[in-house]
Amino acid sequence: MTDHRELQTAAAGRAKTYGVLSALYTAAPAGDLADMIRKGGLIAEDASGPLGTAANDLTASFREAAPQGFENELAAEHTRLFVLPSGVVPHESMYLDANKRLGGRITAGVQRYYEDAGARLTKACLELPDHIGVELEFMSFLCDIEAQFRKQPDVAGLQKCLRFQHDFLTEHLLRWYQPFCEKVLRDSSSRAYRALARLTIAFLEAEREWVHELIDKLDSESRTVCVPET
């Protein structure tokens, strides 16, 4: 049987990781976010392989940097990479739209996912719906909902939520994050941003398998039929 309490903790941890990744792509890290990265705990403590290595490298890049001027350097690199038109444009449309048209068909498709899931962009959000930071924040939102559904648990709600996660990953994030992150690795000399790109790759690859397994397990248990004794 599914241990919903354990998976509730896992969903909350995934929501946190998605949220941190979103914040790092949306703005240069400073203050509380930078301090949190220095302390570690970006992912589960027992994470190993590429995921653990990338998380540890990102943590080390913050811990080992010279305190004076580090946040200014990150701010300048963030602007160069993700804000200037000549940088690594962080929008799905640039990778999946044949005409690389921001605000077009791809952007509208992402927006529909948000609306169908009941998620709305706040007025404070200045980015288009298909910005990498917004898409990652949407996944954080879905993982938070999953954690709530696991409290009861609400099987029907879980099935719908996990299907949203799977479909959004499959139809959007997983289709473009790889070339985007590889471009960050090629174009940036910043240890922190290169580690961020590697962490994004490792985490989303793990998510590809994890969400699929969650759906299979839940579907399998839902199909279980109790046969009366004769």
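Mentor: Before we start, a contact here means heavy atoms within 4.5 Å. Keep in mind that this is a predicted model.

Trainee: Thanks! So among contacts between residues at least 6 apart in sequence, what share joins residues at least 24 apart?

Mentor: In the protein chain, 70% of those contacts join residues at least 24 apart.

Trainee: And how many helices and strands are there?

Mentor: The protein chain has nine helices and zero strands. Along the sequence that reads α-α-α-α-α-α-α-α-α.

Trainee: Why is the chain called as compact as a globular protein of that length?

Mentor: Its radius of gyration is 19 Å, close to the 17 Å that the globule rule gives for 230 residues, so the chain counts as that compact. Along the principal axes, the C-alpha atoms fill a box of roughly 75 × 40 × 30 Å.

Trainee: Now the inside. What percentage of the residues is buried?

Mentor: Buried residues are 45% of the 230 in the protein chain. The largest nonpolar core holds 61 residues. Leu58, Leu173, Phe180 and Leu199 have the most contacts inside this core.

Trainee: Which helix gives the largest share of that core?

Mentor: That's H9, with 14 residues. Other elements giving two or more residues include helix H1 (4–26) and helix H8 (155–187).

Trainee: Back to Leu199, what does it touch?

Mentor: Leaving out residues up to four places away in sequence, Leu199 touches Leu21, Leu42, Ile43, Leu51, Ala54, Ala55 and Leu58.

Trainee: Last topic, charges! How far apart are the mean positions of the positive and negative ones?

Mentor: They are 4 Å apart, taken over 26 positive and 34 negative charges.

Methods
Residues numbered from 1 in each chain as written. Predicted model: local features only at pLDDT ≥ 70, side-chain atom pairs only at ≥ 80, totals over all residues. Heavy atoms only, no water. Helix = DSSP H or I, 4+ residues; strand = E, 2+ residues; numbered from the N terminus. Rg over C-alpha atoms; globule rule 2.2 N^0.38 Å. Buried < 20%, exposed > 50% of the residue type's maximum accessible area, 1.4 Å probe, protein only. Lys, Arg positive; Asp, Glu negative; His and termini not counted. Charge placed at Lys NZ, Arg CZ, Asp CG, Glu CD. Core = buried A, V, L, I, M, F, W, Y, C linked by side-chain atoms within 4.5 Å.
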